[in-house]
Amino acid sequence: MTSPISRALPLVRLVTHLLVVALLLVTAVSALGDGPDTAVLVVTALLAAVYVAGLGPWITRRPALVPLWGALLSLVWIGLVVVTPMGVWLAFPLFFLALNVLPARVAVPVVGALTVVAVVGFAHHSDAWEIGGVLGPVIGAGVAIAVVLGLRVASQESERRGKLEERERFSREIHDTLAQGLGSIHLLLGAAERHLDAHPGLARDLVVQAREVAGANLVEARRLVRAQGPADLAERSLPEALARLADGVDSPTTTFRVDGTPFALPGAHDVALLRVAQEAIANAVRHAGARRVTVTLSYQDDEVALDVVDDGNGAATDNGGYGLTSMRARVAELGGTFDLESTPGHGTAVAARLPLEVHP
């Protein structure tokens with residue numbers, strides 16, 4: 001999604017074009033005021049032609065021509081400054097134009113040179129050096145540099161943050177899908193290896209389960225590459241996906257229930273709550289030594305809540321492990337709250353609550 005800052009730069013370019021058109025029209029009209037001033041009209045028309053030529057698609061396909069176009073435009077503008085004081089006013093949109101089409105290291109010196117021309121032009125037509133004739137172009141150049149370069153830096157920073165957020169989202173998706181799946185495969189194959197000699201039938205069943213998990217993981221990997229949501233939510237509602245998740249856990253005993261009347265949630269809410277449930281259950285299975293896990297999805301007027309409670313060793317901490325960080329970040333991105341209560345020897349309770357902007 002394009003940020004407001006990124007959209008501001010094209011808007012500055014549009015305003016620059018409109019300002020150039022308006023000033024050229026005013027210059028032409030003033031040249032017709034007390035009798036046609038042929039020199040002013042010719043140079044104004046030439047400047048308009050050169051300016052419009054630089055807006056064509058040919059110049060965007062050949063960036064090397066931009067400096068040549070800018071140099072020609074500047075020369076014609078200097079000619080206009082020589083024949084009429086109205087030409088000086090075009091310096092301001094030309095500042096913005098140079099800053100938009102040229103790299104900063106080139107644009108700033110060019111703006112400085114245009115400023116000098118504008119100041120000299122004022123002095124030439126007024127036959128004197130006036131403070132306003134000096135400060136006007138200098139202040140205008142400073143404002144143009146601050147606005148355009150400020151927007152450019154802000155846009156680059158916004159893009160950088162967007163990339164970091166996307167990288168963080170991708171890392172969470174990998175952790176919540178591929179890493180969990182690989183961990184499950186590892187546990188299943190380890191159990192199969194232990195039973196291979198004494199209970200070959202059980203070992204074979206465990207290998208089959210590992211293969212099924214690998215297949216599901218492959219589907220998730222493909223969906224992740226295509227930037228799609230979890231496969232469990234592709235054709236199921238959130239309650240159905242959570243029920244399927246609970247049914248797929250052999251040990252500890254995992255139960256799922258719904259409080260309230262289910263209704264459609266925003267897609268991001270579905271994904272976040274499913275991922276939180278997956279991670280909380282995975283922690284209970286791998287680390288907590290739990291015998292029972294209870295998953296509760298609660299629908300309320302102003303929020304939806306997910307609670308995952310286990311009776312394990314309660315070793316989880318609120319600042320430990322990427323999984324907890326991932327759960328907290330997912331919920332925070334949607335404006336929700338995430339709470340973890342864990343007491344050694346008395347289990348762990350995870351609670352995620354997401355606000356609803358639209359009431360059911």
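**A covered helix and two nonpolar cores**

Helix α10 is mostly covered, with 16 of its 22 residues buried. In this predicted model, α10 runs over residues 267-288 and reaches 30 Å from its first C-alpha to its last, close to the 32 Å expected at 1.5 Å a residue. The residue that follows α10 is Gly-289, whose phi is positive, near 65°.

It helps to set this helix against the chain as a whole. The protein chain holds 11 helices and 5 strands, and 38% of its 360 residues count as buried. Its accessible surface comes to about 19800 Å², with 63% of that area belonging to carbon and sulfur atoms. Where contacts link residues at least 6 apart in sequence, 66% of them join residues at least 24 apart.

Turning to the interior, the largest nonpolar core has 35 residues. Those with the most contacts inside this core are Leu-47, Leu-73, Trp-77, Leu-90, Phe-95 and Leu-99. At least two residues of the core come from each of α1 (4-31), α2 (38-53), α4 (66-83), α5 (91-101), α6 (104-126) and α7 (131-195). Apart from this core lies another, of 34 residues, with Leu-238, Val-249, Val-271 and Met-327 among them.

Trp-77 is a handy residue to pick out on the structure above. Leaving aside residues up to four places away in sequence, Trp-77 touches Leu-47, Gly-87, Val-88, Leu-90, Ala-91, Leu-94, Leu-114, Val-117 and Ala-118. Among these partners, Leu-47 and Leu-90 are, like Trp-77, listed with the most contacts inside the largest core.

How values were computed. Residues numbered from 1 in each chain as written. Predicted model: local features only at pLDDT ≥ 70, side-chain atom pairs only at ≥ 80, totals over all residues. Heavy atoms only, no water. Helix = DSSP H or I, 4+ residues; strand = E, 2+ residues; numbered from the N terminus. Buried < 20%, exposed > 50% of the residue type's maximum accessible area, 1.4 Å probe, protein only. Contact = heavy atoms within 4.5 Å. Areas by Shrake-Rupley, 256 points an atom, 1.4 Å probe, with all protein chains shown as cover. Core = buried A, V, L, I, M, F, W, Y, C linked by side-chain atoms within 4.5 Å. Expected span 1.5 Å × (residues − 1).
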